[in-house]
Each structure stands twice: as C-alpha cells, then as structure tokens.
Amino acid sequence: MNYIGPVIGAVVFVLIMSFVREPARRTINAMLTAGLTGVYMSGGGFGVWELAFPLVAMPIAYRGLSSYTAIAVVWLMHSGWDFLHHRYGNPIWPFMPASSLGCMIFDAVIALWFLAGAPSLAGALRQPPRRAPAGPSQS
C-alpha cells in the first residue's frame, strides 16, 4: 500500500483538478506548490538546510502562475526533497515512517500530469464515448 495508495491519491487529485477551469487551475496549483515548499520546515531533520528548499523552489512556483512546466518542476523538486527525507531525514508524518516515500510517489505522478500540460480529464469523463460511423448495411 506504500506504493499503490499514493498513485491512487495522485489520480484522484488529477481528476478533481480536472474539474477546475482555466486559468484558475494553473493559478491554484502554482499557489499550492508555493505552499508545499515549507512542509518540512517544522522538523524535517535537516536543520537550517530546510530553509534552502523554499528559497530555491519559491521563484519557480511563482513562474508557475504562467507555466505548467514550472509547476511540474516544483512538484519534481518536492518529490526529490521527499526522497532525501525518506532516506536521510524525518518522515513528513512522524507516525507513518513511509510517509515521505508516499509523498515522493504522489508528487512524481502529479508532476507527470503537469508535464503533459495538465489536460482536463473531466471533459473525457463528461462526454459519452464516440461510436464508429455505421457502414453500409449488409443483407
């Protein structure tokens, strides 16, 4: 469940975000990535180095206001920071030792969606499937 749960969570996140119209989708996600830069600052285990991640990621998150690629970069940076915490620091949730690993997977899956341009999956869910045109009847 340490691997499947985060993937399921990321898919649910993508589906929910797919219902948010543009440009609000990009703006909300840029702000979200900016907020996520400080998630480990209350005890991630790297001391003063916990301040380095927000300093580097925040300008890129700001760039995300106009770029899905920038949002994807911040998600990937956060995924890398999660990996470091999983291996060498403290977990994001102290009561769940593999929480940073799960966050790493969750963030990486979401980053892939943003690298693809954050297409709306909601539209695909709303439209009925197209049928092939009927050919000449065979008698």
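Two helices count as roughly antiparallel when the angle between them is over 145 degrees, as roughly parallel when it is under 35, as roughly perpendicular from 65 to 115, and as oblique for the rest. The angles run from 0 to 180 degrees between N-to-C directions, and the axes are lines fitted to C-alpha atoms, for helices over the stretch in contact.

Before you start clicking, two notes on the model. It is a predicted one, where local features need pLDDT of at least 70 and side-chain atom pairs count only at pLDDT 80 or more, while totals for chains, interfaces and linings use all residues. Residues are numbered from 1 along each chain as its sequence is written, and side-chain values use heavy atoms, with hydrogens and water left out.

**The whole chain**

Show the cartoon: you should find six helices and zero strands, in the order α-α-α-α-α-α along the sequence. Helices here are DSSP runs of H or I with at least four residues, strands are E runs of at least two, and numbering starts at the N terminus. Of the 139 residues, 34% are buried (under 20% relative accessible area; exposed is over 50%, partly exposed lies in between, with a 1.4 Å probe and protein chains only). Switch on the surface and you have about 8600 Å² of accessible area, 69% of it from carbon and sulfur atoms; such areas come from the Shrake-Rupley method with a 1.4 Å probe, and for residues only the protein chains shown count as cover. Of the contacts between residues at least 6 apart in sequence, 70% link residues at least 24 apart, where contact means heavy atoms within 4.5 Å.

**Helix 4 and helix 5**

Select residues 68-87, which form helix 4, and then 99-115, helix 5. Their axes come within 8 Å and cross at roughly 165°, so this pair is roughly antiparallel. The crossing is left-handed: the near helix is turned anticlockwise from the far one by less than a right angle, whereas clockwise would be right-handed. Show side chains at the contact; among those in helix 4 are Tyr68, Trp75, Phe83 and His86, and helix 5 offers residues including Leu101, Met104, Phe106 and Phe114. By class, this contact has 15 nonpolar, five polar and two charged residues. Nonpolar covers Ala, Val, Leu, Ile, Met, Phe, Trp, Tyr, Cys and Pro; charged covers Asp, Glu, Lys and Arg; the others, Gly among them, are polar.

Now pick aspartate 82, which sits in helix 4. Is aspartate 82 buried or exposed? With a relative accessible area of 0%, aspartate 82 is buried. Its partners, leaving aside neighbours within four places in sequence, are Tyr40, Ser100, Cys103, Met104 and Asp107. Draw a distance from the C-alpha of aspartate 82 to that of cysteine 103: the two are 21 residues apart along the chain and 6.5 Å apart in the model.

Next, select serine 99 in helix 5. Serine 99 is buried at 6% relative accessibility, and touches Pro91, Ile92 and Trp93, not counting residues up to four places away in sequence.

**Helix 3 against helix 4**

Keep helix 4 on screen and add helix 3, residues 52-63. The two pack at about 160° with axes 7 Å apart, and are therefore roughly antiparallel. This crossing is left-handed too. Helix 3 brings Phe53, Val56, Ala57, Ile60, Ala61 and Arg63 to meet Ala70, Val73, Val74, Met77, His78 and Trp81 of helix 4. The tally is 10 nonpolar, one polar and one charged.

**Helix 2 against helix 4**

Add residues 24-36, helix 2, which packs on helix 4 at about 25° with the axes 10 Å apart. That makes the pair roughly parallel. Residues of helix 2 in this contact include Arg25, Asn29 and Leu36, and those of helix 4 include Ile71 and His78. In all, seven nonpolar, three polar and two charged residues take part.

Zoom in on alanine 30 in helix 2, buried at 2% relative accessible area. What does alanine 30 contact beyond four places in sequence? Alanine 30 meets Ala61, Gly64, Leu65 and Ile71. The C-alpha atoms of alanine 30 and glycine 64 are 4.9 Å apart, with their positions 34 residues apart in sequence.

**Two backbone stops**

Most residues other than glycine have a negative phi, and most peptide bonds are trans. Go to the loop between helix 1 (4-18) and helix 2, where proline 23 lies: the peptide bond from glutamate 22 to proline 23 is cis, with omega near 0°. Finish at alanine 118, in the loop between helix 5 and helix 6 (122-126). Its phi is near 50°, a positive value, and alanine 118 is buried at 2% relative accessibility.
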